[in-house]
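Here are some exercises to work through with the structure open beside you. Try each task before reading its solution.

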Amino acid sequence: MRQSEAIHWALERLEFPVLSTRKELKEYYHRLASLSHPDKGGDTQKMSEINQAYEILKNYMEDFKFTFSDEEIAKQFPQELHVNKFRF
């Protein structure tokens, strides 16, 4: 499986939002793991898929190359760009 396919699979498997932080991923994973853990009556196969999906997304986020261009910053903080357009 190509990396892009693996990332899409992981997002679908975890039902995780596309725009998220590492902290949100970790919190979301812990919540899912606590609900699906075999020691708490969850399914072993499902927990294995959750772990695999989490590792894929975590590794992607850790290896992601950041750009600090004005365009990328504007994407991350669109409200600031919007305010500046109408400032006199």
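A salt bridge here is a side-chain nitrogen of Lys or Arg within 4 Å of a carboxyl oxygen of Asp or Glu. Keep in mind that this is a predicted model.

**Exercise 1. Find the salt bridges and place each one among the helices.**

Solution. Start with the total: the rule gives 2 salt bridges.

Step 1. Take Glu55, which forms a salt bridge with Lys58; their closest N and O atoms are 3.5 Å apart. Both residues belong to helix α3, where they sit 3 residues apart, about one turn of the helix. For the surroundings, check the accessibility: Glu55 is partly exposed at 34%, and Lys58 is partly exposed at 24%.

Step 2. Now take Arg13, which forms a salt bridge with Glu49, with 2.6 Å between the closest N and O atoms. Arg13 is in helix α1 and Glu49 in helix α3, so this pair ties together parts that are 36 residues apart in sequence. Arg13 has a relative accessible area of 26% and is partly exposed; Glu49, at 22%, is partly exposed too.

**Exercise 2. Check the length of α1, then work out which side of the helix is buried.**

Solution. Step 1. With 1.5 Å a residue, the 12 residues of α1 should span 16 Å, and the end C-alpha atoms are indeed 16 Å apart.

Step 2. List the buried residues, those under 20% relative accessible area: in α1 they are Ala6, Ile7, Ala10, Leu11 and Leu14. These residues cover an arc of only 135 degrees around the axis, so they lie on the same side of α1.

Step 3. Look at the other side of α1, where His8 and Glu12 are exposed.

Step 4. Ask what the buried residues of α1 pack against: the partners are α2 and α3.

**Exercise 3. Repeat the analysis for α2.**

Solution. Step 1. Helix α2 runs over residues 22-36, and its 15 residues should span 21 Å at 1.5 Å a residue; the end C-alpha atoms are 21 Å apart, in agreement.

Step 2. Buried in α2 are Leu25, Tyr28, Tyr29, Leu32, Ala33 and Ser36. Their arc around the axis is only 135 degrees, which puts them on the same side of α2.

Step 3. Turn to the face of α2 that points away from its buried side: here you will find the exposed residues Lys23 and Leu35.

Step 4. Find the cover. The buried residues of α2 are covered by elements including α1 (3-14) and α3 (44-63).

**Exercise 4. Which residue follows α1, and what is the sign of its phi?**

Solution. Step 1. Glu15 comes after α1, and its phi is positive, near 55 degrees.

Step 2. Compare with the general expectation. Most residues other than glycine have a negative phi. Glu15 is not a glycine, yet its phi is positive.

Step 3. Place Glu15 in the fold: this residue is in the loop between α1 and α2, and its 66% relative accessibility makes it exposed, since exposed means over 50%.

**Exercise 5. Which residues make up the nonpolar patch on the surface?**

Solution. Step 1. The members are Phe68, Ile73 and Phe77, and together they have about 340 Å² of accessible area.

Step 2. Pick out Phe68, which is in the loop between α3 and α4 (70-76). With a relative accessible area of 67%, Phe68 is exposed.

Technical notes. Residues are numbered from 1 along each chain as its sequence is written. This is a predicted model: local features need pLDDT of at least 70, side-chain atom pairs count only at pLDDT 80 or more; totals for chains, interfaces and linings use all residues. Side-chain values use heavy atoms; hydrogens and water are left out. Helices (H or I, at least four residues) and strands (E, at least two) are DSSP runs, numbered from the N terminus. The expected span of a helix is 1.5 Å times one less than its number of residues. Buried means under 20% relative accessible area, exposed over 50%, partly exposed in between (1.4 Å probe, protein chains only). The arc is that of the directions from the helix axis to the C-beta atoms. Contact means heavy atoms within 4.5 Å. Patches are made of residues with over 30% relative accessible area and no salt bridge: like charges are joined within 9 Å, nonpolar side chains (Val, Leu, Ile, Met, Phe, Trp, Tyr) within 5 Å. Accessible areas come from the Shrake-Rupley method with a 1.4 Å probe; for residues, only the protein chains shown count as cover.
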